[in-house]
Amino acid sequence: MCLEVKDLKKSYGQGESRSQVLKGISVKIEEGRMCVILGPSGSGKSTLLNIIGGLEEADAGEIQVFGTQIDKMKPRELLEYRRKNLGFVFQFYNLIPNLTVKENIQVCQYLSGEPLELEELIQTLGLSEHRDKMPSQLSGGQQQRCAIARALVKNPKLLLCDEPTGALDSVTSREILTLLETINKTYGTTMLIVTHNTAIKDMVHQVIKIRDGQIAEDRVNLNRISAAELEEL
Ligand SMILES: Nc1ncnc2c1ncn2[C@@H]1O[C@H](COP(=O)(O)OP(=O)(O)OP(=O)(O)O)[C@@H](O)[C@H]1O
Ligand SMILES: [Mg+2]
């Protein structure tokens with residue numbers, strides 16, 4: 001099992017204004033699967049992803065990644081765990097503005113003991129001709145590809161993506177999804193993708209829906225189609 005989350009709870013705020021965002025979430029994701037998390041705005045998707053990624057702390061519950069329990073780790077251990085196992089793709093890319101495409105990717109390459117080959121990755125992601133550009137000189141889709149390259153160069157076992165196509169048009173979205181599909185096939189990377197885009201559910205192995213801080217649906221997709229075949233994006 002790649003990921004096992006048990007009865008995860010999280011609240012924000014104090015006293016009267018306290019609200020429970022995650023009300024006991026339990027999910028399991030098998031290794032090598034692409035999984036999508038759908039749900040209305042404010043339902044707790046990003047909060048769940050951030051907790052799994054060790055960026056935020058839960059109030060209660062357990063998280064195991066490849067059999068290692070991460071919810072009770074000390075900050076240093078957590079840092080090491082994140083560095084070794086996780087890639088994170090953020091909605092708004094978070095590229096370093098004064099580094100080139102290549103340098104942005106290199107920064108993460110240095111953090112890994114067994115990184116992927118940089119040149120190969122740049123080529124796979126269609127970034128060859130943009131390698132020496134600054135993020136501000138790139139289109140949204142190119143920036144997103146750079147952000148994905150940066151998350152992937154460490155060859156993470158688990159890739160967490162928060163709205164990877166959120167800011168993109170449908171043509172570029174399809175391009176990014178095709179890319180994620182190829183990476184999943186090539187490296188067996190387990191992926192957890194948070195999205196508003198319900199069309200994506202047809203191309204992944206597992207579909208999880210969150211409503212009001214709870215799991216409303218969790219099913220395996222038996223009739224997957226490829227990103228190229230998705231009708232509307
Ligand atoms: N740091 C925080 N402090 C207080 N409240 C927060 C914080 N982060 C999130 N929330 C609240 O928790 C709820 C869930 O937020 P979350 O970002 O997880 O939703 P989401 O499902 O990702 O929404 P969206 O689809 O709009 O991105 C929201 O009501 C939000 O206002
Ligand atoms: Mg969100």
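Asparagine 155 lies in the loop between H5 and strand S7 (158-162), with helices (H or I, at least four residues) and strands (E, at least two) being DSSP runs numbered from the N terminus. The model is predicted: local features need pLDDT of at least 70, side-chain atom pairs count only at pLDDT 80 or more, and totals for chains, interfaces and linings use all residues. Residues are numbered from 1 along each chain as its sequence is written, and side-chain values use heavy atoms, with hydrogens and water left out.

**Exercise 1.** Work out what is unusual about the phi of asparagine 155, and classify its accessibility.

*Solution.* Start with the general rule: most residues other than glycine have a negative phi. Asparagine 155 isn't a glycine, yet its phi is positive, about 55°. Next, take its relative accessibility of 30%. Buried means under 20% relative accessible area, exposed over 50%, partly exposed in between (1.4 Å probe, protein chains only). So asparagine 155 counts as partly exposed.

**Exercise 2.** Decide how H5 and H6 are oriented.

*Solution.* Grab the axes of helix H5 (residues 140-152) and helix H6 (residues 170-187): they come within 10 Å and cross at roughly 15°. Axes are lines fitted to C-alpha atoms, for helices over the stretch in contact, and angles run from 0 to 180 degrees between N-to-C directions. Now apply the classes: under 35 degrees is roughly parallel, over 145 roughly antiparallel, 65 to 115 roughly perpendicular, and the rest oblique. H5 is therefore roughly parallel to H6.

Notes
Chains lettered and ligands numbered in written order.
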